[in-house]
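Me: I should like a close look at a single part of this structure, with its charged side chains explained in order. Please take the matter up once the sequence and the model are in view.

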Amino acid sequence: MSTMTIHKSLLDGAIVAKRNLIKIKRVPDLLVFSTMSPIMFILLFAYVFGSAINVPGLSYREFLIPGIFAQTVIFGATITGAGLADDIQKGIIDRFRSLPMARSAVLVGRTTSDVLNNVLVIFIMSLTGLAVGWRIRSSFFEAAAGFLLLLLFAYAISWIMAWVGLIVPSPEVVNNASFMIIFPLTFIANTFVPTNGFPPVLRAIANWNPVSSVTQAARQLFGNTSAKYPPPKDWSLQHPVIYTLAWVALLLAVFIPLSVRQYKRAASR
Amino acid sequence: MGDVIRATGLVKNYGNLRALDGLDLAVPEGTVLAVLGPNGAGKTTAVRILATLLQSDGGSAEVAGFDVASQPGKVREHIGLSGQYAAVDEYLTGFENLDMVGRLYGLGKRRSRERAHELLERFTLTDAADRTVKTYSGGMRRRLDLAGALVAQPPVLFLDEPTTGLDPRSRTDMWEVIVELVKAGSTLLLTTQYLEEADRLADDILVIDHGREIAHGTADDLKAQVGGERVEVVVGSNADVAAAKTILSELADGACVVEEHTRRITAPVKGGAGVLMEALRRLDAEGIEVLDVALRRPTLDDVFLTLTGHAAEVEPAADAKAKGKGKGTKSAPAEFEETAAR
Ligand SMILES: Nc1ncnc2c1ncn2[C@@H]1O[C@H](COP(=O)(O)OP(=O)(O)OP(=O)(O)O)[C@@H](O)[C@H]1O
Ligand SMILES: [Mg+2]
């Protein structure tokens, strides 16, 4: 690829991202819904379950918030799939596909705007977290790295969702499918409760679930850990940052080409 | 001048259904080809293949000198497409839609803004420019979509049923725009259900059904295929039908057809208005009361009906009311047969 085409494909991606962001601005319900449920989660878990869940040496709320961040950004990434499926259904993809624009631009634009959406969501969540007693106990750079890792992980998930959005027949299917998959994925993990008490098989799955590693990494980077509650011995949770980054690299390496190929193919349905 | 659009033996299957079955077409530079056909004939499929949105299962096609299958990127640099269903973004305003398309075509910031304003003006959307497309009517969306196809002033245009859903005034405007584009040198392929449209705009008409060509030629060629002019007379009383038939048979160039219940006699003629006058004179001399008389030339409607065995099907709702004549479904938006006398 020449620098000319790279430049054009980034520019096209930015134009498409801008268009997606305008939509968020025009339909604020989207943002309201994508932040309301995590805020509700924070309040429910903090005040209802939190009273019964005990994490040694740490307030449950500090334990909880990074987990909710992880769950929320992953759900945020599902917008990518629903958005693409919606674009196909509404026919605007036909316009894009008839233009001399970079083939990857629609996908790059989509995933980029969804990350930006997630930035906003995380910001709102952080304020809610702070309000219920969550604190960052690390340095500024570590905390920034924590947020960055969460967003990066969500970005990788966006590319899975992009592929899903291009193969399903309608946006509703994306929403239902992601509900079915992402709920178990984010619950069979250390997001809401320590995994120690899980039955053995479930515990193994949970500990190697990248959602657990990104949550563990965020906890460490925000300083929401306690010597009295060391992470499980599994390698994935002993080296959560590296393990998470490896997943990110793997997902991107697989799903970017898959999605771009599917985009070229996807005829309007 | 060479063919700017050329397709040979295009085949497209959807499962067991053969949507295109060896379609050939050619559009020389600066001309207009109208592709005509009933619902499901394969018009949209053909357009989508030519516009690189769909891959064919057989045959080949070239647009602006580039192969659609192997050089789709090059093809896209030279085409503008307005598909059958408006491809516009509901959450953007009309202006933002066109501006975005301009930028994606690679026009600079300022140029694409200018162009968006020009087109909004041209398609009388200036008042709605800053409203989101969600609030647009169907016809406004349609016009915005067409404007989208013209943003980069591409030399080759594909318009899939460009005037479906437009009111008569917008339709006439659209025709003007199309005529201007062709004058300026654009090459155009349009599909339509409106025979009047093909008659007015096209240099060449291709009638297809079941993915295959069933007729091809200029509007006049096609009309000639279905036959020449005829005189139609409706007499006032059943008793006069036989006498009137005798008179018309003397002037006719073939067998007369009588519809007893409507008291209508149709006679194929040669000689146009002169024959009509003579018929009237003789009928009058016999004291036969004439309720209606007309000289009819075949319309593309007749062509369509004769060639495909069914009338063009889709009819804009607004026109449906205006036409009381029972001739099954008809599609021409306005009456355009020539009527010599009433
Ligand atoms: N995606 C698809 N999957 C299955 N069949 C399809 C698909 N698209 C088109 N077809 C079929 O292919 C045939 C040709 O369709 P096409 O849309 O090209 O017709 P058309 O001439 O544009 O009709 P219309 O006047 O209704 O727009 C039809 O029988 C249609 O049912
Ligand atoms: Mg069609």
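Which side chain meets that of Arg111(B) in a salt bridge? Please also describe the surroundings of that pair.

Reply: This is a predicted model, and the account below should be read accordingly. The partner of Arg111(B) is Glu114(B), and in their salt bridge N and O are 3.1 Å apart. Both residues belong to helix H4 of chain B, where they stand three residues apart, about one turn of the helix. Arg111(B) has a relative accessible area of 31% and is therefore partly exposed. Glu114(B), at 35% relative accessibility, likewise counts as partly exposed.

Another salt bridge of chain B links Arg296(B) and Glu232(B), at 3.6 Å from N to O. Arg296(B) lies in strand E14 (residues 290–296) and Glu232(B) in strand E11 (residues 230–235) of chain B, so this pair ties together parts that are 64 residues apart in sequence. Both Arg296(B) and Glu232(B) are buried.

To return to the helix, Arg111(B) and Glu114(B) are joined with Arg115(B) and Glu118(B) into one network by salt bridges that share partners. Over all chains, the structure holds 29 salt bridges.

Helix H4 of chain B also has a part in a positive surface patch, formed by Lys18(A), Lys25(A), Lys109(B), Arg110(B) and Arg113(B). Two elements give two or more residues to this patch: helix H1 (3–26) of chain A and helix H4 (109–122) of chain B. H4(B) gives the most, with three residues. On the side of chain A, Lys18(A) is placed in helix H1, and Lys18(A) counts as exposed because its relative accessibility is 53%.

Note on methods. Residues are numbered from 1 along each chain as its sequence is written. Chains are lettered from A and ligands numbered from 1 in the order in which they are written. This is a predicted model: local features need pLDDT of at least 70, side-chain atom pairs count only at pLDDT 80 or more; totals for chains, interfaces and linings use all residues. Side-chain values use heavy atoms; hydrogens and water are left out. Patches are made of residues with over 30% relative accessible area and no salt bridge: like charges are joined within 9 Å, nonpolar side chains (Val, Leu, Ile, Met, Phe, Trp, Tyr) within 5 Å. Accessible areas come from the Shrake-Rupley method with a 1.4 Å probe; for residues, only the protein chains shown count as cover. A salt bridge is a side-chain nitrogen of Lys or Arg within 4 Å of a carboxyl oxygen of Asp or Glu. Lys and Arg count as positive and Asp and Glu as negative; His and the chain ends are not counted. The place of a charge is taken as NZ of Lys, CZ of Arg, CG of Asp or CD of Glu. Helices (H or I, at least four residues) and strands (E, at least two) are DSSP runs, numbered from the N terminus. Buried means under 20% relative accessible area, exposed over 50%, partly exposed in between (1.4 Å probe, protein chains only).
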